[in-house]
Amino acid sequence: MKYKGTLVVVKDCRRARRFYQDLFGFELIRDNDGNMELSGGLYLQEQKYWESFTGKSVVFRNNSTELYFEEPELEAFIGKLQKLYPDTVFVNPLMTHSWGQQVVRFYDPDGNLIEVGTPA
């Protein structure tokens, strides 16, 4: 068995792709009409397909998982995020953990939780 990546349920793949490309540099590998594979092992699947495949409802902003990224220039990243996506909902502002790592948490446009921190 081989781990391939993480699937994120979104409302609109094209909008989500733009977000992840603008901020994190992900590139499109495959577009299967509502199911996208991006570089780095990130998969996007539109909510309507996920719900029809699983028979379950999506609960956005459930805070049970997060996508985690590291960025040495965190304040510059936050500035870029706020400029490109001014309506971003932050879970916590820039903070410093007791071990010295700075982090920020926010939701993508569909309510998936993202954490970006300085390298640990």
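**Salt bridges, a helix face and two pockets**

Glutamate 46 has a relative accessible area of 12% and so counts as buried (under 20% is buried, over 50% exposed and anything in between partly exposed, using a 1.4 Å probe and protein chains only). The model is a predicted one, so local features need pLDDT of at least 70 and side-chain atom pairs count only at pLDDT 80 or more, while totals for chains, interfaces and linings use all residues. Residues are numbered from 1 along each chain as its sequence is written, and side-chain values use heavy atoms, with hydrogens and water left out.

Glutamate 46 pairs with lysine 48 in a salt bridge whose closest N and O atoms are 4.0 Å apart; the term covers a side-chain nitrogen of Lys or Arg within 4 Å of a carboxyl oxygen of Asp or Glu. Its lysine partner sits out in the open, since lysine 48 is exposed at 54% relative accessible area. The whole structure holds 6 such bridges.

Another of them joins arginine 15 to aspartate 110, with N and O 2.3 Å apart. This one reaches across the chain: arginine 15 belongs to helix 1 (residues 13-24), aspartate 110 to the loop between strand 7 (102-107) and strand 8 (113-117), and 95 residues separate the two. Helices (H or I, at least four residues) and strands (E, at least two) are DSSP runs counted from the N terminus. Aspartate 110 is buried, at 3% relative accessible area, whereas arginine 15 is partly exposed at 32%.

Arginine 105 and glutamate 66 also form a salt bridge, at 3.3 Å between the closest N and O atoms. Arginine 105 lies in strand 7 and glutamate 66 in the loop between helix 2 (47-54) and strand 5 (67-70), so the bridge ties together parts 39 residues apart in sequence. Here the arginine is the buried partner, with arginine 105 at 17%, and glutamate 66 is partly exposed at 32%. Shared partners extend the pairing into one network of Glu66, Arg105 and Glu115.

Helix 3 (residues 74-84) has Leu74, Phe77, Ile78 and Leu81 as its buried residues. These span an arc of only 100 degrees around the axis, so they sit on the same side of helix 3; the arc is taken from the directions from the helix axis to the C-beta atoms. Helix 1, strand 6 (90-96), strand 7 and strand 8 are among the elements covering those buried residues, with contact set at heavy atoms within 4.5 Å. On the face turned away from the buried side, helix 3 carries the exposed residues Glu75, Ala76 and Lys83.

Then there are the pockets (on a 1 Å grid over the protein atoms alone, open sets of points where a 1.4 Å probe fits, with protein on both sides within 12 Å along at least five of seven lines; lining residues have an atom within 4 Å of a point). The largest has a volume of about 350 Å³. It is lined by 20 residues, with Leu7, Val9, Asn62, Thr65 and Asn112 closest to its centre. Strand 1 (residues 6-10) supplies the largest share of this lining, 4 residues. The second largest pocket comes to about 160 Å³, and its lining includes Arg15, Tyr85, Asp87 and Tyr107.

Notes
Grid points are joined across faces, edges and corners, and a volume is the space filled by probe spheres set on the points.
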